[in-house]
Amino acid sequence: MTLNAPARGRPAPPEAHDSAPQDASDGHVPAPRGLARRRRALLAVVIGCLVCTAAGAGAATLIKSPAQAAAETVAPPPDVLTAPVARKVLAQSVVTRGKVTASRRVEITAAGTAEGVGRAVVTKVMAEPGAPLKAGQVLMEVSGRPIVLLQGAIPAYRDLMPGMTGEDVAQLQKALAGLGYPSGGDARGVFAAGTEQAVTRFYRAVGYTPATSQAEPTSAHADAGTRTGTGATADAARPAATGERVTTVPLAEVAYVPSATARADTVAAEVGDEATGTLLSVSSGALVVNGTVASYEKGLIRPGQSVQILYEATGKQASGSVVSVADAPTKAQDGDTPQNGESYALRVKPTKALGEDFNGADVRLTVVAASSQDKVLAVPASAISAGADGLTSVTVRTGSREHRVAVRVGMTGDGFVQITPEKPARLAEGDQVVVGIQSAGRS
């Protein structure tokens, strides 16, 4: 009987190489569990090494040595600023502001009320701010009576009626004749039947009946021998009988301006308002420019000097000349913004008539106070320097090389200085001269 034989009826124990199961389908034998754990551990170590390497590279870009940081904060070398030597006409200019207005401004008020009217009330307004006006136009109504615009240089100062004589009568006759209503055979300056008829016809043409008033005793008589250009005698200049109703031109119903066209500047009245104070203002005549200059500039301004007028809103330019500069400082008006120092009124007349679009414009005035007449060598004022040796010079830069050139200075204008080199061959138009040093910035 063999001792190593297994016991009868018991299965033999499996061998060691039979402990792993086999894949019956393809015969592949899976790796042991211990080997799989070792592979996962190795992969984790590799990933960790890669992460550490990347972190170290990033830190190297952020961490700098003190020497490297100091080198990077050192300012770059400064830039040398240069400008070319120019050959130009120098002009010493004074720049200021001005307002374009008409040469004549008329403030229209309600001078009184018509007979039989208890209150002076604005009943119609026909003019709008900024609107063009013409002679013969009704501007507004006060208590049902018109205020009309007529051409003339003398403001109305009294009511006119038959029997009166004077320059204001002559002005009325001329204004009506210009509108197509001549005074017939009346002598110049004599309010007679022809002038009365002209007044009546004009009032009816603008939609109103002429005003009338009771005649007052007067001693006004016309020279019986005075004749008009047609040869008619001014015999109708007799004074009206006391108590007689006569056609009248009230001073409250006419406003005179020197030209046939005008412009409504401001309209302060509205329908229903009490007719008190200034109802509207009218400007007329050629456009002029009114400005101011500071006290330190006044000595540079003289009548006749050239002026450039720039309307910046439209880009339009015009030329003119100084008419006057005030001897006394301008008094501040109510509502004006306080200015530093005194200012003096400046009046400028355009060389050619300005267009209507200039009216009321705020413009820039450049007064040419002095000029070199001919072109001269000039450099920016910042290029001029005075050395310790007492010489006035400029520094010429050619490439990276610089050298001083002694010069004599002349007039200044618009930021430039006239120069004459001591040795003409050493400085010419187009040479670059140093005007300053600028520290280079970092982006």
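Here are a few exercises on this predicted model, each with a solution worked out step by step.

A word on ground rules: residues are numbered from 1 along each chain as its sequence is written. Because the model is predicted, local features need pLDDT of at least 70 and side-chain atom pairs count only at pLDDT 80 or more, while totals for chains, interfaces and linings use all residues, and side-chain values use heavy atoms, with hydrogens and water left out.

**Exercise 1. Get an overview of the chain.**

Find how many helices and strands the chain has, and what share of its residues is buried.

*Step 1.* Go through the helices and strands, which are DSSP runs numbered from the N terminus (helices are H or I with at least four residues, strands are E with at least two). The chain has 5 helices and 22 strands.

*Step 2.* Next, burial: buried means under 20% relative accessible area, exposed over 50%, and partly exposed in between, with a 1.4 Å probe and protein chains only. Of the 443 residues, 32% are buried.

*Step 3.* Now contacts, meaning heavy atoms within 4.5 Å. Take the contacts with a separation of 6 or more: 69% of them join residues 24 or more positions apart.

**Exercise 2. Lay out a four-stranded sheet.**

Work out the strand order in the open sheet that includes S4, and say which strands stand at its edges.

*Step 1.* Strands pair if DSSP finds at least two bridges between them. The order here is S4-S6-S7-S10, with mixed pairing.

*Step 2.* Strand S4 (122-125) and strand S10 (254-257) each have a single partner strand, so they are the edges, and one side of each has no neighbour in the sheet.

*Step 3.* How are the neighbours turned? On average by 20° against each other, direction ignored. The axes behind such angles are lines fitted to C-alpha atoms (for helices, over the stretch in contact), and angles run from 0 to 180 degrees between N-to-C directions.

*Step 4.* Zoom in on one pair: S4 and strand S6 (residues 138-142) run antiparallel and are joined by 3 bridges. Val-122 has Val-142 in S6 as its bridge partner.

*Step 5.* Add the helix: H3 packs on the sheet and touches S7 and S10, with its direction at about 90° to that of S7.

**Exercise 3. Look inside for empty space.**

Say how many cavities of 30 Å³ or more there are, and what lines the second largest one.

*Step 1.* Rolling a probe the size of a water molecule over the atoms shows where empty space is left. On a 1 Å grid over the protein atoms alone, a cavity is a set of points where a 1.4 Å probe fits but cannot get out, and lining residues have an atom within 4 Å of a point. Grid points are joined across faces, edges and corners, and a volume is the space filled by probe spheres set on the points.

*Step 2.* The count is 2 cavities. The largest holds about 60 Å³, and the second largest about 40 Å³.

*Step 3.* Val-148, Leu-150, Leu-172, Leu-176, Val-199, Phe-202, Tyr-203, Val-249 and Val-254 line the second largest cavity. Strand S7 (145-151), helix H3 (167-178) and helix H4 (193-205) each supply at least two of its lining residues, and H4 gives the most, with 3.

*Step 4.* Sort by class: Ala, Val, Leu, Ile, Met, Phe, Trp, Tyr, Cys and Pro count as nonpolar, Asp, Glu, Lys and Arg as charged, and the others, Gly among them, as polar. The second largest cavity has 9 nonpolar lining residues, with no polar and no charged ones. The lining of the largest cavity has 7 nonpolar, no polar and 2 charged residues.

**Exercise 4. Check two loop residues.**

Are Ser-143 and Ala-153 buried, partly exposed or exposed?

*Step 1.* Ser-143 lies in the loop between S6 and S7. Its relative accessibility is 23%, so Ser-143 is partly exposed.

*Step 2.* Most residues other than glycine have a negative phi. Ser-143, though not a glycine, has a positive phi of about 55°.

*Step 3.* Ala-153 sits in the loop between S7 and H3, and at 54% relative accessibility it counts as exposed. Beyond its neighbours within four places in sequence, Ala-153 is in contact with Arg-104 and Gln-171.

**Exercise 5. Read the two faces of S21.**

Which residues of strand S21 (residues 416-421) are on the covered face?

*Step 1.* In a regular strand the side chains alternate between the two faces of the sheet. In S21, Val-417, Ile-419 and Pro-421 form the covered face, while Phe-416, Gln-418 and Thr-420 form the uncovered one.

*Step 2.* S21 pairs antiparallel with strand S20 (residues 401-413) over 5 bridges. The hairpin of S20 and S21 has 2 residues between the strands, and Asp-414 there takes a positive phi near 55°.

Notes:
On a 1 Å grid over the protein atoms alone, a cavity is a set of points where a 1.4 Å probe fits but cannot get out, and a pocket is an open set with protein on both sides within 12 Å along at least five of seven lines; lining residues have an atom within 4 Å of a point.
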